[in-house]
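Colleague: I am new to this structure. Could you walk me through it, one question at a time?

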Amino acid sequence: MPGTPQIIEVNNTQLQEVLQRVEQSLALDEKDVELIRAVFQSYLYVTDLVEDKNTSLRRLRQLLFGASTEKTAAVLGQAGVQPQDKASAPEAAPLDPANVGAAVSDTANAAADTEPGRPGHGRNGADAYRGAERIPVPHPTLRAGDPCPSCGQGTVYEKTPGVLVRIIGQPPLTATIYQLQKLRCHLCGELFTAPAPAAAGAQKYDASAGSMIGLLKYGSGLPFNRLEGLQGYLEIPLPASTQWDIVKATAANLQPAFEELLRQAAQGEVLHNDDTTVKILALIGERVRQEATASASADKDDERTGLFTSGVVALRDGHRVALFFSGRRHAGENLAEVLQHRAAELPPPIQMCDALSRNLPGDLQTILAHCLAHARRQFVDIHDRFPEPCRHLLETLAVVYRNDALARERQLSAEARLQWHQEVSQPTMQQLHAWLNRQLNERLAEPNSALGSAIRYMLRHWEKLTLFLRQAGAPLDNNICERALKKAILHRKNALFYKTQNGARVGDLFMSLIYTCQLNEVNPFDYLTQLQRHADRLAVSPQLWMPWNYRDTEAS
């Protein structure tokens, strides 16, 4: 390994002067000059990242080389460690069917030797197009029971229809112009106008327009100005300001559904919560003014300055509810606001989050579980420096996750899943706990090293990390909430910020409804549209217009 080079201080001006002399050099061709210029620009870029106090080494690696997957096989492969074969990896002990009951009578069977093909690869069948219009096409000359035109002796009968799928393109929002004929009497001047057809509606913007704009903006991260440009190219103009007016009016109609989702989430058996950063320009400007005032008066202001989007995902009666809240409050404070709506007779819910204290709901009681994926990620981050210890931990946790996947595959109840994990995962976790203690007690890992820190984190939070071994229904990790927050992150990466607190509130409402639909495999476009078309009924009985029951209500 080469020795450490001497560190020198070079500013941008000096680099530009060197680059000018390089460009004037006759010994270098144009490609050499471009290469040197790229090296200088890369140096300045990396220097700025290193000087930024918010850039960690992990973040720097991701910016330079891209984010890597956290799957065990990929992580160990990057570290140059050969993962164990599935045949030699630790296997879960078989579960005695008598201990669990008929619901899991087949759990003692080993997994199939051959894995099924990965879903989502290959052509989509006609059944996958659930939102498509279906048009029956009868045979032009034959009906069931008619004589066979080929042999003349038999009769024809119905079989499963043949299927032809045709996909067409169109603008996200289309327009129809109704030209109403006008006639005037040449003698008296009376004007006669053709009545508008029912399809023209009473409003210029149909309910589906608000649904589509909201879905593109808050569900897919398409900013208003980009949609304005796209619609302009397609000759259906829709200014950004008009889009905001539409979604603002739509949000007012959807508000009862959001409030009902909040009440439903409060009754959940399991609640996940986490948060990410957000920019709200009005609140940032308010903070700047407060800081300027405090600086002028020499008074210190202890008011919180950070801005966050919190995600809360609740599981209740087989349904999932996602809620988003943007503002100055942390995830724990927003969760406390949700739990204020919880029925007093219900027991405390299970709360899944990481170990940050800001995720706790204050004085409200919950059964706290910590995210196993967060603990695992600390070993993923250092796998290249400590390959063997990290391999052992990652492959051990892989056994636990495989057991949980089998429980989902067999659709075990919460109680049966608990017994399953106690039978097959608890011995594995007990061995891991002993191994972690041995690493520190026998000085196999330096306590102050990155490996020692990751081990101490797991030991310090062991009881909450292993709640799934003692509490029915306790999840392994908080991944479902982290996936939900990707909605807010996608919006932040594309639209960058909200202008006002009201704009953030509208965004939270749309994201909550849209992602709740996705979690329950419901078409969010149809859901948002039907809520608007039945706004009067929604305001009276919002509990009947949830994503999982609105179609039954609509049909009644």
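Modeller: First, a term: contact means heavy atoms within 4.5 Å. Keep in mind that this is a predicted model.

Colleague: Which strands does helix 17 lie across, and at what angle does it run to strand 3?
Modeller: Helix 17 covers residues 479–495. It lies across strand 3, strand 4 and strand 5. Relative to strand 3, helix 17 runs at about 30 degrees.

Colleague: At what angle does helix 10 run to strand 3?
Modeller: Helix 10 spans residues 331–339. It lies across strand 3, strand 4, strand 5 and strand 6. Its angle to strand 3 is about 140 degrees.

Colleague: Which strands stand at the edges of the sheet?
Modeller: The open sheet has 5 strands in the order 5-4-3-6-7, with mixed pairing. An edge strand here has a single partner strand, so one side of it is left without a neighbour in the sheet. The edges are strand 5 (319–327) and strand 7 (367–370).

Colleague: In which sense do strand 3 and strand 6 pair?
Modeller: Strand 3 takes in residues 270–277, and strand 6 takes in residues 350–353. His272 stands opposite Met352 in strand 6. Over 3 bridges, the pairing sense is parallel.

Colleague: Are helix 13 and helix 14 parallel or oblique to each other?
Modeller: Helix 13 is residues 414–424 and helix 14 is residues 426–441. Their axes come within 4 Å and cross at roughly 50 degrees. Helix 13 and helix 14 are therefore oblique.

Colleague: Which residues of helix 14 make the contact with helix 13?
Modeller: By class, this contact has 2 nonpolar, 4 polar and 1 charged residues. Helix 13 brings His421, Gln422, Glu423 and Val424. Helix 14 brings Gln426, Pro427 and Thr428.

Colleague: How many residues are in the largest nonpolar core, and which touch the most other members?
Modeller: The largest nonpolar core has 60 residues. Leaving aside neighbours within four places in sequence, Phe510 is in contact with residues including Tyr218, Val247, Leu254 and Leu528. Those touching the most other members are Ile213, Tyr218, Leu323, Val338, Phe510, Leu513 and Tyr527.

Colleague: How many residues of helix 19 are buried?
Modeller: Helix 19 runs over residues 524–533 and is mostly covered. Its buried residues include Tyr527, Leu528 and Leu531. What covers them includes helix 6, helix 8, helix 18, helix 20 and helix 21. Of its 10 residues, the number buried is 7.

Terms used:
Residues are numbered from 1 along each chain as its sequence is written. This is a predicted model: local features need pLDDT of at least 70, side-chain atom pairs count only at pLDDT 80 or more; totals for chains, interfaces and linings use all residues. Side-chain values use heavy atoms; hydrogens and water are left out. A nonpolar core is a set of buried Ala, Val, Leu, Ile, Met, Phe, Trp, Tyr and Cys residues joined through side-chain atoms within 4.5 Å. Buried means under 20% relative accessible area, exposed over 50%, partly exposed in between (1.4 Å probe, protein chains only). Axes are lines fitted to C-alpha atoms, for helices over the stretch in contact, and angles run from 0 to 180 degrees between N-to-C directions. Helices (H or I, at least four residues) and strands (E, at least two) are DSSP runs, numbered from the N terminus. Angles under 35 degrees count as roughly parallel, over 145 as roughly antiparallel, 65 to 115 as roughly perpendicular and the rest as oblique. Ala, Val, Leu, Ile, Met, Phe, Trp, Tyr, Cys and Pro count as nonpolar, Asp, Glu, Lys and Arg as charged, and the others, Gly among them, as polar. Two strands pair if DSSP finds at least two bridges between them.
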